[in-house]
Amino acid sequence: MKVSLDLLRSFLAVHRSGSITAAAELLGLAQPTVTAQIRALEEAVGRPLFDRVPRGVLPTPAGDELARRVADPLDRLDAVLADDTATPYPRTVFLGGPAEFLAELALPAVAGLVAEGLELRVAAGLPEQLLDDVAAGRLDLVVSSVRPRRRGWPPSRSTTRSSPWSRRPPGASGCPTR
């Protein structure tokens, strides 16, 4: 039997709230939509899952058993999805460069993004070591005053893409001056 996760989520919301109307509100759906989903699920499993009563619904033994079996997996799936979307940035960014440049210009420039949830790791060092680190994949971005003088540069894994931390603010034409 193939059943949509949406049907199971709606079923579980109805089971927990004891009401199709309350479940629809929790799910942000219209009541007729949830009613149709419950009917579709009952048809798929071949038996009624709820008894309709004047003030809501009561689960049948089959409904209680289904809720017992799907509640934990659905809750864990929702927790995983909530964790993935909790931050607007999908991973930590590893940045390298000269210490003074990082402290005076780079870090103040990305402070707002860090406050929004960007996880940033910074490595200060000499150009050759930093370029080796970016080539090896230990750093995502290196700011260097030394032009790389090696064959095969840039590394084949490097790509240019637009990301929030690589865009200049409107009106910016270069590095700020003092």
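E119 is partly exposed, with a relative accessible area of 38%. In this predicted model, that residue is a handy place to start, as the side chain of E119 meets that of R121 in a salt bridge, at 2.9 Å from N to O. The partner is no hidden residue either: R121 comes out as partly exposed, at 41% relative accessible area. In general, side chains of opposite charge can pair when their charged atoms come close.

The pair E119 and R121 belongs to a set of seven salt bridges in the structure. Another one links E65 to R68, with 2.5 Å between the closest N and O atoms. Both E65 and R68 sit in helix α4, which runs over residues 61-84. They are three residues apart there, or about one turn of the helix. As for solvent, E65 is partly exposed at 35% relative accessible area, while R68 is exposed at 58%. R138 and D133 give a further salt bridge, again with an N to O distance of 2.9 Å. Here the acidic residue is tucked away: D133 has a relative accessible area of 14%, so it counts as buried.

Now for the chain as a whole. The secondary structure amounts to six helices and five strands. Going along the sequence, these elements come in the order α-α-α-β-β-α-β-α-β-α-β. The chain has 178 residues, and 29% of them are buried. Contacts that span a long stretch of sequence are well represented: taking those between residues at least 6 apart, 55% join residues at least 24 apart. The surface that the chain exposes is about 12200 Å², with carbon and sulfur atoms supplying 55% of that area.

Inside, the largest nonpolar core has 22 residues, and the members that touch the most others are F11, V14, L41, L49 and F50. Four helices, α1 (5-17), α2, α3 (31-45) and α4, each put at least two residues into this core. Separate from it is another core, made of eight residues, including L95, A106, L118 and L120. Back in the largest core, L41 is one of the well-connected members. Setting aside residues up to four places away in sequence, L41 touches V3, L7, L8, F11, L49 and L66.

A40 is found in helix α3, and with a relative accessible area of 34% this alanine is partly exposed. The C-alpha atoms of A40 and V3 are separated by 9.1 Å, although the two residues are 37 places apart along the chain.

Helix α1 is also where S10 lies. This serine is a polar residue with hardly any accessible area to speak of: S10 is buried, at 2% relative accessibility. Apart from neighbours within four places in sequence, the residues in contact with S10 are L27, L29, V34, Q37 and I38. Two of those names, L27 and L29, turn up again at the surface, where together with L26 they make a nonpolar patch of about 270 Å². L27 itself belongs to helix α2, residues 20-27. At 32% relative accessibility, L27 is partly exposed. Thus L27 is in contact with the buried S10 and is also part of the nonpolar surface patch.

Towards the other end of the numbering comes helix α6, covering residues 127-135, whose buried residues are L130, L131, D133 and V134. These cover an arc of only 155° around the axis, so they lie on the same side of α6. The elements that cover them include three strands, β3 (93-97), β4 (120-124) and β5 (141-142). D133, one of the buried residues of α6, is the same aspartate whose side chain meets that of R138 in a salt bridge. Between the end of the helix and that arginine there is a backbone feature worth a look: just after α6, G137 adopts a positive phi of about 85°.

Notes:
Residues numbered from 1 in each chain as written. Predicted model: local features only at pLDDT ≥ 70, side-chain atom pairs only at ≥ 80, totals over all residues. Heavy atoms only, no water. Salt bridge = Lys/Arg side-chain N within 4 Å of Asp/Glu carboxyl O. Buried < 20%, exposed > 50% of the residue type's maximum accessible area, 1.4 Å probe, protein only. Patch = residues over 30% accessible without salt bridge, like charges linked within 9 Å, V, L, I, M, F, W, Y side chains within 5 Å. Areas by Shrake-Rupley, 256 points an atom, 1.4 Å probe, with all protein chains shown as cover. Arc of directions from axis to C-beta. Contact = heavy atoms within 4.5 Å. Core = buried A, V, L, I, M, F, W, Y, C linked by side-chain atoms within 4.5 Å.
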